[in-house]
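Trainee: Before I use words such as buried or contact, I would like to see how each one is justified.
Mentor: Then let us look at the structure together and take the terms one at a time.

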Amino acid sequence: MSRIGKAIITIPAGVTVTENNGVVTVKGAKGELSQELTAGITLEQKDGELNVNRPSDSKQHKALHGLYRALIANMIVGVSEGFEKKLELVGVGYRASHTGQKLELALGFSHGIVLELPSEVKLDTLTEKGKNPIITLTSHDKQLLGMVTAKIRSFRKPEPYKGKGVRFVGEIVRRKAGKSA
């Protein structure tokens, strides 16, 4: 049996999980998320615990069993606590600012980059003298948050020689030796 799929999900207080026609809806203090279930995956809920079941031991069902359990667990954590990702701009002259849901980046190109963020993602930028600018993104939807941070990082990925670019806070960039004289 799938090790991830058979793990029981505990539902915290203030979070409701409902299943209707193969669509799981999770509601909590931070928002509401829904996910469609396929391949006969069913949910069993009792005493504040949620169990994900599969119809057979076929390879496809085993793979989807763990997947849907992980997705539902992330939805429950998202609506109760939320998720946060921090990006750091490493490079001379790299700047970040925001007005509402628009993120403005100066990453060494001839023009600035303006990115309109979805309403589910909350944005904050921090610029301190002598430190790299930091972009903080928070959301209740882990998938959406990951897609937005990947998009921002793709504008200027960290390069291996000087380490300049957009990276996650705490990310270690593997450095290469330059030209030998």
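The exchange below sets values for two residues against the definitions of the terms.

Mentor: This is a predicted model, in which local features need pLDDT of at least 70 and side-chain atom pairs count only at pLDDT 80 or more, while totals for chains, interfaces and linings use all residues. Residues are numbered from 1 along each chain as its sequence is written, and side-chain values use heavy atoms, with hydrogens and water left out.

Trainee: Why is Thr 149 called buried?
Mentor: Buried means under 20% relative accessible area, calculated with a 1.4 Å probe on protein chains only; Thr 149 has 1% relative accessibility, and therefore counts as buried.

Trainee: What makes the approach of Thr 149 to the backbone oxygen of Gly 146 a polar contact?
Mentor: A polar contact is a pair of N or O atoms within 3.5 Å, where within protein one must be able to donate a hydrogen and the other to accept it, and residues adjacent in sequence count only if both atoms are side-chain atoms. The side chain of Thr 149 reaches that oxygen of Gly 146 at 3.0 Å.

Trainee: How do you know that Arg 69 has no salt bridge?
Mentor: A salt bridge needs a side-chain nitrogen of Lys or Arg within 4 Å of a carboxyl oxygen of Asp or Glu; for Arg 69, which is buried, the nearest side chain of opposite charge, Glu 49, is 10 Å away.

Trainee: What does the side chain of Arg 69 reach, and at what distance?
Mentor: The side chain of Arg 69 reaches the backbone oxygen of Ala 7 at 3.2 Å.

Terms used. Buried < 20%, exposed > 50% of the residue type's maximum accessible area, 1.4 Å probe, protein only. Lys, Arg positive; Asp, Glu negative; His and termini not counted.
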